[in-house]
Every structure is written in structure tokens, then in C-alpha cells.
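User: I have a fold open on my screen and would like to ask how some of its labels were earned. Could you take me through them?

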Amino acid sequence: MRVHGTPYRTVWMEDGTVRLIDQNRLPFEFRVAECADHQATAAAIRDMTVRGAPAIGAAAAYALAQAFREAGPGDPWPYARAARATIEATRPTARDLFHGVERVWAAASAARDPVAAAGEAARALADESVESCRRIGEHGAALVPEGARVLTHCNAGWLATVDYGTALAPVYMAAAAGRRVHVWVDETRPRAQGARLTAWELAGEGISHAVIADNAAAWLMSRGEVDLVIVGADRVAANGDVVNKVGTLAKAVCAREFGVPFYVAVPPSTFDASVADGSAVPIEERSEDEVHYQTGPDESGALRRVRVTAPGSAAHNPAFDMTPARLVSGYVTECGVFRTGELPAECFGAPATA
Ligand code: MRU
């Protein structure tokens, strides 16, 4: 997508340096972070400079490719193995991260020149991810009629992927086809990915939207002001259960109650056929400070971090939740829109290989 007229991906690699749009600074500052080695790229995944399942999948793939370059002459495998462990320890929930690492590892293992093969595999993964999201957008656009009011949670737009987005790709494609679309943007406490990132993206694309407090969605649905919900996913289990940003479950329950279709947009890299149902997916616990503090510009424009909870109170911060498959109306995939149990195997992602 374009930022101030210039096309960008969220993550790419040039001459061994991984470059990432710094999502911790948006929407207040647009900056590209540079990660000179795999440790820096892993740190960027951990601190959420890059976030969103497909985007961290690509970043993880590039990080492992960096490690193969760094290994130097001789046997690269001990160094690469340690790097893989570092990268895989960054964030536990999104399947894409492990998919990216496995893909690069498998390519390097099968090659005479692991350095070249790892770099090529990471680049190919990023390219395929872009194409997958583009196709999700094409298929999903059919769900978004003229005048549709779409509710989304977290950021599953182009910032969360390498390009196009998952949940927002159908919105972008419908808008590109000339349809008017309005997006209700869940704020998504505690990190405010909706208020900060989704809102910034939609503003950049000129799409009508309004940020709502997370608690407002049920009320809007009950009044018939939401035509459909589309969210992304961090992992989809074999039975179709969806693990996504905490708060997704509440939207799915409300959508069922008020008869609003609830769609999950998901590339093959996010499906995990190795877990039977969502209860087996690790749910990341993040720092309680994310609940206690909010950061934003004060009236002078200087960024300030302020406490928003009672001093001395504890907080609890599960970063994801699990929506049972029975609450999902359909999965928007690169192959089309499907119900649980009807997904074609090629859209269910490759089983873990390495
Ligand atoms: O913690 P985050 O910001 O990485 O969580 C992101 C989400 O939950 C997204 O909804 C999900 O990755 C889908 S992104 C296309």
C-alpha cells in the first residue's frame, strides 16, 4: 500500500538488513526501523515494532535468513539452530511465525548453499503472503455490498501483513470497485491496534470509518448498525476454532446474538492442522503495564506515557482469545469463502515439516 504516495511493504530485506515499518510509533510518526542482524529482528518482533500474524511470519523468515548469512564460513547449523530458538521464543501464539521459520529452515536444509536458499525462501514467503492477501481481498469483496457497515477488531489490515491485509483486504477491494464502505474500528485495548493502526490505515486509504470503544460494539449490533464483522486470525485450529486478538470472542458472541455475519479472513500460513482445536493454542500473556499505561501526544505534540489504572492495583493481560468455530459464519481464504468443514485442503496450510 502507499504511504504519502510511496508504495511500501511492512517488512522487507535489503543487503542483509531487515527493514520494518515501526508500528510502535504509528500513527504519530512514520518511520522505517532497520534491523542489522537476526537478534535485532527478533527484538523487533518481541517488542511489537512489527506485529500482526503474517507480518511477523515474514519478519521471522527474514530473521532466520539473516542468521544463515551471519553464521560465517564453516558449519552454519549450530549458529542457525540457536538463532531459530531465539526467533521462535519471541511470540507464542501466531502460527505464521513458526510457519515462516519452518519454511526457511526446510529450504536451507535441502540446499547446497543454505545462505542463498534461506534468503530466497524468505523472499518467496513474503511474495506469496502478498498474493494470498490480495486473493483474500478479491474473494472477500463479494461480502461487502454498497453502503456496507463493517466492524473489525484489532488491526488485520496491511500493516498486520506484508501487504493488503486480511480482514481489511475485502474492504479495500470493495472500495476500489467503487462501493461506499464504512468501518467501525474497535479501539482494541490495551494496545489500541484499532485506534492507532487500523484508523491510520483507513484514513490513508480515504475510507469512511469511526473508532469505537471496545464496549460499544454490542450496542451498535443490537441497533442494526453493523452489517458484518470481519476479523483476522493468529491461528486457526483443525476444527476451525479461531485464536485472535483478545476481544474477538466477545464480538463473535454478540454477532451471533444479533444475527450479524461473523467472518474470519485467513491465509494458509495461519491455519494449524497440527492442533485439533483452539484449546491447544498457547495464549500469550503480556506485561500488565500495557493495561496500566497509555501513550500518546500531549497538546504540544510530545509523546507522553500516562497511567490509567488505580495506583497499586494489579492487572492481567491475556493478548488473545479463542472463538469457537460454531460462531464463525465463514472463512475468507485465498481460495474463496467457506464454512467450517468445507475448507479445501490447499487452503488449510501445509502441516509442520521441520
Ligand atoms: O498482538 P498483535 O497486534 O500481533 O495481534 C494481531 C492480531 O490479533 C491480528 O488480528 C491478527 O494477527 C490477524 S493479522 C492479519
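**Labels and their cut-offs**

Analyst: Gladly, beginning with a glutamine: Gln23 is buried, with a relative accessible area of 4%. Please keep in mind that this is a predicted model, where local features need pLDDT of at least 70, side-chain atom pairs count only at pLDDT 80 or more, and totals for chains, interfaces and linings use all residues. Residues are numbered from 1 along each chain as its sequence is written, and side-chain values use heavy atoms, with hydrogens and water left out.

User: Why is Gln23 called buried?

Analyst: Buried means under 20% relative accessible area, exposed over 50%, and partly exposed in between (1.4 Å probe, protein chains only). Gln23 has 4%, so the residue counts as buried. Gln23 lies in the loop between strand 4 (17–21) and strand 5 (32–35); helices (H or I, at least four residues) and strands (E, at least two) are DSSP runs, numbered from the N terminus.

User: What does the side chain of Gln23 reach?

Analyst: The backbone oxygen of Leu159, at 2.8 Å. A polar contact is a pair of N or O atoms within 3.5 Å; within protein, one must be able to donate a hydrogen and the other to accept it, and residues adjacent in sequence count only if both atoms are side-chain atoms.

User: Which peptide bond in that same loop is called cis, and what is its omega?

Analyst: The bond that joins Leu26 and Pro27 is cis, with omega about 5 degrees, and Pro27 lies in the loop between strand 4 and strand 5. Another cis bond runs from Arg189 to Pro190, with omega near 10 degrees. Pro190 is in the loop between strand 7 (181–186) and helix 7 (193–204).

User: What makes Thr188 worth a remark?

Analyst: Its phi is near 70 degrees, a positive value in a residue other than glycine. Most residues other than glycine have a negative phi, and most peptide bonds are trans. Thr188 also lies in the loop between strand 7 and helix 7, and at 0% relative accessibility Thr188 counts as buried. Met48 has a positive phi too, about 70 degrees. Met48 is placed in the loop between helix 1 (38–46) and helix 2 and is buried at 2%.

User: Is Gly341 buried or exposed, and why?

Analyst: Gly341 is exposed, because its relative accessible area is 75%, and the label needs over 50%. Gly341 lies in the segment after strand 18 (336–338).

User: How do you know which residues are around the ligand, and which come nearest?

Analyst: A residue is near a molecule or strand if one of its heavy atoms lies within 4 Å of it. There are 19 residues around the ligand, and Arg51, Arg91, Asp234, Asn244 and Lys245 come nearest. Helix 2 (53–70) and strand 11 (242–245) each supply at least two residues of this shell.

User: What polar atoms lie beside oxygen atoms of the ligand, and how much of the ligand is buried?

Analyst: An N or O atom in the side chain of Arg91 is 2.8 Å from a ligand oxygen, which is within the 3.5 Å limit and therefore a polar contact. A backbone N or O atom of Gly52 lies 3.0 Å from an oxygen atom of the ligand, and a polar side-chain atom of Gln193 lies 2.9 Å from one. Taken alone the ligand exposes 410 Å², and the protein buries 100% of that; accessible areas come from the Shrake-Rupley method with a 1.4 Å probe, and for residues only the protein chains shown count as cover.
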